[in-house]
Amino acid sequence: MDQRQVHILHGVAASAGIAIGKAVIMDTRKIERYPKIRITESLLSDEIKRFDDAVKTSEKQIREAIKELEAHNVGKEHSFILETHMMMLTDPALSGRVRELITTEHINAEWALKTALLEIEKSFESIGDEYIKSRVADTTFVGERLLRNLIGKKTRGCHLLDNSIIVAHDLSPADTAMLNREKILGFATDVGGMTSHTSIIAHSLEMPAVVGLENASKLINPGDNLILDGISGVVIVNPSENQILEYEHRARSFITLELKLKEKAKSPAITRDGKYVKVKGNLEFKDEVKTVLDHGAEGIGLYRTEFLYLNRNHVPSEESHFQAYKAVVEAVSPYNTVIRTLDLGGDKLYSSLGKLRNEMNPVMGLRAIRLCLKEVDIFKTQLRGILRASHYGNTSIMFPMISGMDELKKAKEILEETKDNLLKEGIPFDENIPVGIMIEVPSAAIIADILASEVDFFSIGTNDLIQYSLAIDRGNEYVNYLYEPLHPAVLRLIKFTVDAAHDAGITVSMCGEMAGREIYTPILLGMGIDILSTNAFAISHVKEMARKVDLDQCRRIAEHVFHMKTADEIYEFMNQEIVGKSPDLFVLS
């Protein structure tokens, strides 16, 4: 890249903070060239042993990464991410498949491993859900680590100076944990998203990060001066002196703000006119609950349960469900925990059971509640676990991807059957457990007034609602620019849902990424959203934004934006409106 010219790259703000330093390029691209060798029968056992040795080496490397996290006093819940990588090393879908291919196809370990990885990636390639895709990325990271150990290739070393900023195609959670914090200020990658485990590790280490830059590792040269803005998702290459001075000031302001927010994290969010705004946390693993609560969550608005089904070759038992839910419910009570039932595609569930079923478009196929209504025994096993856990604290059940009344009624009938069975068995549970649904399919939003009479609450899942409403796939680089939370159509669907819920006397929360962006908070409160639920690291910021506004002001903002015609027009208005009233929060964003 031209050393004399300033370049600004835009990506995804993955971990907040500002770093100013020199670019260090790290080669982490996937290995595309590897030996393909046919193995004779007599050498198969030696080849399997060679693969097993690579597994042991990988285990040792990941243990070292876990020790690095512990040395930086990172909570056990984040070490658990790497412990999950350890489990993946022995996952039958990966390691078991590799051994099978070596034995049956008589091919070398590298060839078998790459084949197994491609099979896993292909089974998920049409799924737009970023959460599920990021979990698949973990499997890819583990597989690539195995492949590097098999062929004896280490991640290309790089000479670190003080104030280095790593630039790479991608970084695994283990790579991130092993970064030298004394010399490395932050990192930028071509790929990745906000919900990836790499981003979570970066957050926990308080290391600024920008991901999803597409081609930064090709455009940036070693030694380029960089400004890494992990707040707005911008990387400035070869900045001017004035830009450096400006961002040094922003960095100091950010540190001051973060210290203030940490002090106030557990204080309630009360608007200027005295309205209490409840802010909950989203949860993926039970071990994350302490972090979410420490960041000020007043309950769990979305407890994802898919982790129980991934990386295993059998469905989880009732006891596995019960223990995973009970641990969270007890830790969170007296606050409420909303447990969402299975939201996986059938292709992944069946493949984990050894039943290959391919669909042209899994994201709109046999998924979530549709899968549960087909596989009733699996559904009932999960419901029994949730109901049993409800005896130990404040619990709610939430059904995902409801598109109409028939699905909802069938799901409720199965829930009632499950309750009846527990009563007959004398097993205690909350007989009045609240039942809600995700509003993430446009048809559900449009008939929200009909659905509201059948449930105790709504939760708007904006990630899917936006994709389905605008007919785009966030994972498609050619159309992801159309993913726009402030699109007038999306705002109207949200408003209609909120009004339908309140007319029926039920609450409505929001648990998608939109809930975690404080620039949206005034619009959401103005439209009447009762509860916001977001990732741990956004909670304190959303609470602080709520403290800065009053509801009449928010209602006026919401009413005003409904007369605007484009998302860009609304976003520009929000920037001017909010920055003028809360410069301490938004001078950075």
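Start by selecting helix α1 (residues 44–71) and helix α3 (residues 92–105). You'll see the two pack at an angle of about 160°, with their axes 10 Å apart. Angles over 145 degrees count as roughly antiparallel, so α1 runs roughly antiparallel to α3. Look along the crossing of these two helices and check its hand: right-handed. One thing to keep in mind as you click around is that this is a predicted model.

Now show side chains where the two helices meet. On α1, pick L44, E47, I48, F51, D52 and V55. On α3, the partners are S95, V98, R99, I102 and T103. Colour this contact by residue character and you get six nonpolar, two polar and three charged.

**Zoom out to the whole chain**

Hide the side chains for a moment. The fold comes to 24 helices and 17 strands. Of the 589 residues in the chain, 56% are buried. If you draw the contacts with a sequence separation of 6 or more, 71% of them join residues 24 or more positions apart.

**The cores**

Where do you look for the centre of the largest nonpolar core? Select F399, F458 and I494, the residues with the most contacts inside that core. In total, the core takes in 144 residues. Your first stop, α1, comes back here: that helix gives the most to this core, with eight residues.

There is also a second, separate core of 14 residues. To find it, select V210, A216, V235 and V237, which are among its members.

**I494 and its helix**

Go back to I494 and show what surrounds this residue. Skipping its neighbours within four places in sequence, you'll find I460, T462, L465, M510, M514, M527 and I529 in contact with I494.

Two of those, T462 and L465, lead you to the next helix pair. Select helix α18 (residues 462–470) and helix α19 (residues 488–503), which pack at an angle of about 125° with their axes 10 Å apart. That angle is therefore an oblique one for α18 and α19. The crossing of this pair is right-handed.

For the contact itself, show T462, L465, I466, S469 and L470 on α18, then V490, L493 and I494 on α19. What sort of residues make up the contact of α18 with α19? Six are nonpolar, two are polar and none is charged.

**A histidine in α11**

Next, select H321, which lies in helix α11 (residues 318–332). Is H321 buried or exposed? Switch on a surface and look: the relative accessibility of H321 is 1%, so this residue counts as buried. Now add its surroundings. Not counting residues up to four places away in sequence, H321 touches L308, Y309, P316, T381, Q382 and G385.

**A glycine in a loop**

The last stop is G404, in the loop between β13 (395–399) and α15 (405–425). Being in a loop doesn't put G404 on show here: its relative accessible area is 14%. The cut-off for buried is under 20%, so G404 counts as buried.

Show I447 and L451 as well, since G404 touches them, leaving out residues up to four places away in sequence. Then draw a C-alpha to C-alpha distance from G404 to V441. Your viewer should read 9.3 Å for this pair, with their positions 37 residues apart in sequence.

Note on methods: Residues are numbered from 1 along each chain as its sequence is written. This is a predicted model: local features need pLDDT of at least 70, side-chain atom pairs count only at pLDDT 80 or more; totals for chains, interfaces and linings use all residues. Side-chain values use heavy atoms; hydrogens and water are left out. A nonpolar core is a set of buried Ala, Val, Leu, Ile, Met, Phe, Trp, Tyr and Cys residues joined through side-chain atoms within 4.5 Å. Buried means under 20% relative accessible area, exposed over 50%, partly exposed in between (1.4 Å probe, protein chains only). Helices (H or I, at least four residues) and strands (E, at least two) are DSSP runs, numbered from the N terminus. Contact means heavy atoms within 4.5 Å. Axes are lines fitted to C-alpha atoms, for helices over the stretch in contact, and angles run from 0 to 180 degrees between N-to-C directions. Angles under 35 degrees count as roughly parallel, over 145 as roughly antiparallel, 65 to 115 as roughly perpendicular and the rest as oblique. A crossing is left-handed if the near helix is turned anticlockwise from the far one by less than a right angle, and right-handed if clockwise. Ala, Val, Leu, Ile, Met, Phe, Trp, Tyr, Cys and Pro count as nonpolar, Asp, Glu, Lys and Arg as charged, and the others, Gly among them, as polar.
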